[in-house]
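Please open the structure in a viewer and keep the sequence beside it. The tour below proceeds by selections, each followed by a short account of what is found there.

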Amino acid sequence: NASVLMTMDHDRRELHDAGLFARDGWIEQVGSSSELPPTADEVLDLRDHILLPGLINTHHHLYQTLTRAVPAAQDAGLFAWLKTLYPIWARMRPEDIRVSTIVGLAELALSGCTTSSDHLYIFPDGCRLDDAIESAQRVGLRFHASRGSMSLGESQGGLPPDSVVEQPQAILDDTQRLIETYHDARPGSMLRLVVAPCSPFSVTPDLMRESAALARAGGVHLHTHLAETMDEDAFCRETFGHRPLAYAEELGWSGPDVWFAHGVHIDASEVARMARAGIGVAHCPASNMRLASGIAPVRRYRAAGVNVGLGVDGSASNDSSHLLAEARLAMLLSRVGMAVAPAIDDRPEMLTARQALEMATLGGAAVLGRTDIGSLEAGRCADFVAIDLNRLPYAGGLHDPVAALIFCSPATVDLNYVHGRPVVRDGRLVTVDLPPVIEAHNRAARRLVD
């Protein structure tokens, strides 16, 4: 009985008085409520609700929920921001990774996210990617766990202090272990591994090449930060003699198994190269504004056929994990960008609310290399969220409920189901008891920052 069901199928159908039927985590039927089977083990009456595919987060650093709004980093650009926070992150313990992962994923779940990636690239005091994976399994979201790394310390001309970098062979050995232990490439997979050296200014060229080879041997995707700021552009020119994209391409980082976070400072010829190679982009509007990084050329990416998903980025540069809010910012920032960047083919093209939602669903699925999520149609995973439209923020906006989700104040969802299993019911997380988690998280944040 959903008032509106947004399918995100090939025809982008929006159905009324509609629903879906799923079995064992897979959608078998989508259509009018009267056409669905009359009974099931669980029946959800979504009268006065909008039903849409679960949102997909393509870039995050979940551990950074511990360092939100740190005073010394509030008004800094990327490089100064990192230099302030590296020593704080260097004090993390395994329990900090576990609790921060729960907090970040809980926020995402309540904002409509059903699949999230996480880029963990700092491993002090025995911390492991396993800590984040175990917490993600508790929360119940689909998880793309990125084994990040830093190997280029200050003494070698990199940005991070030597105390937080690792030896290249140890990085590669642990990455191989993680792929063999956890990666599940099957349709409907709840857990996939990603190889993710951190950035051009924190990883050696040799490690970038070897990471790409390891990923392709293991059949997993590649991810890194690229072209985020002008400082990075200058670093790459001075250190490697190339702009960031050309540097990445020279090291084998090009193809449909690669996606970059940010991609802000990319020109038209580079967009065309990315489109031809099938490289994807995680667009992070809140972080790009917070760190004064710039406005990514999202309209140009979309026009060229580059896959673009959304990422909330780390909660030390957002400072939130609200994916529906990120879709709203993507729409609004693209319109600001129209005033400061040339229009595509001299035709002003605003990013619409529906296009923002498309990036948050189908776009994210394409960036992560998945064809089993991102839409509500037969054969896809039963990942869906629902929002009650009888709420104050939507009052007066129900002539177009789909657009209201983006134009109006971002809300939390009432329901969130992942592979047919509830993660949020009645606006509350049902998989984890949050109050003790929040208390432990605040204790850890105080210890780290103080």
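Why does the sulfur of Cys236 form no bond with the closest cysteine sulfur, in Cys198? Select both residues to follow the reasoning. The model is a predicted one. The two sulfurs are 12 Å apart, which is too far for a bond, since a disulfide requires a pair of cysteine sulfur atoms within 2.5 Å. A search of the whole structure likewise finds 0 disulfides. Cys198 belongs to none, and its nearest cysteine sulfur is that of Cys236. Both residues are nevertheless buried: Cys198 has a relative accessibility of 5%, and Cys236 has a relative accessible area of 0%.

**Helix 6**

Keep Cys236 in view and extend the selection to helix 6, residues 230-240. Colour its buried residues, namely Glu232, Asp233, Phe235, Cys236 and Phe240. Viewed down the helix axis, they fall within an arc of 160 degrees, and so they line one face of helix 6. The general geometry of such a helix is helpful here: an α-helix has 3.6 residues a turn, so residues three or four places apart point the same way.

Next, display the elements against which these buried residues pack: helix 1, helix 5 (205-218), strand 9 (221-226) and helix 7.

The two ends of helix 6 also merit a selection. At its start, a side-chain oxygen of Thr229 comes to within 3.4 Å of the backbone nitrogen of Asp231. After the helix comes Gly241, which has a positive phi, near 75 degrees.

**Asp233 and its partners**

Now centre the view on Asp233, within helix 6. Is this residue buried or exposed? With a relative accessible area of 3%, Asp233 is buried. Show its side chain together with those of two arginines. Asp233 and Arg237 are joined through their side chains by a polar contact of 2.7 Å. A second side-chain polar contact, of 2.9 Å, links Asp233 with Arg243. When neighbours within four places in sequence are set aside, Asp233 is in contact with Arg243 and Pro244.

**Helix 8**

Move on to helix 8, residues 268-277, and select its buried residues: Glu270, Val271 and Met274. They span an arc of only 105 degrees around the axis, which places them on the same side of helix 8. To see what covers them, add helix 7 (244-250), strand 10 (258-262), strand 11 (280-283) and helix 10 (298-304), which are among the covering elements. Just past helix 8, select Gly278, where phi is positive at about 85 degrees.

**Asp313 in its loop**

Select Asp313, which is found in the loop between strand 12 (308-310) and helix 11 (323-340). At 4% relative accessibility, Asp313 counts as buried. Which residues is Asp313 in contact with, leaving aside its neighbours within four places in sequence? They are His59, His60, His61, His262, Cys284 and Ser287. For a further reference point, mark Thr114: its C-alpha lies 16 Å from that of Asp313, with the two positions 199 residues apart in sequence.

**Asn442 in helix 14**

Turn to Asn442, in helix 14 (residues 434-449). At 38% relative accessibility, Asn442 counts as partly exposed. Select Thr67 as well: although 375 residues apart along the chain, Asn442 and Thr67 have C-alpha atoms separated by 10.0 Å.

**Cavities and the largest pocket**

The final selections concern empty space. Rolling a probe the size of a water molecule over the atoms shows where such space is left.

How many cavities of 30 Å³ or more does the structure hold? There are 2. The largest cavity contains about 120 Å³ of space. It is lined by 14 residues, and Leu78, Trp81, Leu82, His225 and Glu228 are the closest to its centre. Helix 1 (residues 78-89) supplies the largest share of this lining, with 3 residues.

To finish, select the residues around the largest pocket, whose volume is about 790 Å³. Its lining comprises 29 residues, and Leu20, Ala22, Ala40, Glu42 and Val43 lie nearest its centre. Strand 2 (residues 14-23) contributes the most to this lining, with 6 residues.

Key
Residues are numbered from 1 along each chain as its sequence is written. This is a predicted model: local features need pLDDT of at least 70, side-chain atom pairs count only at pLDDT 80 or more; totals for chains, interfaces and linings use all residues. Side-chain values use heavy atoms; hydrogens and water are left out. Buried means under 20% relative accessible area, exposed over 50%, partly exposed in between (1.4 Å probe, protein chains only). Helices (H or I, at least four residues) and strands (E, at least two) are DSSP runs, numbered from the N terminus. A polar contact is a pair of N or O atoms within 3.5 Å; within protein, one must be able to donate a hydrogen and the other to accept it, and residues adjacent in sequence count only if both atoms are side-chain atoms. Contact means heavy atoms within 4.5 Å. The arc is that of the directions from the helix axis to the C-beta atoms. On a 1 Å grid over the protein atoms alone, a cavity is a set of points where a 1.4 Å probe fits but cannot get out, and a pocket is an open set with protein on both sides within 12 Å along at least five of seven lines; lining residues have an atom within 4 Å of a point. Grid points are joined across faces, edges and corners, and a volume is the space filled by probe spheres set on the points.
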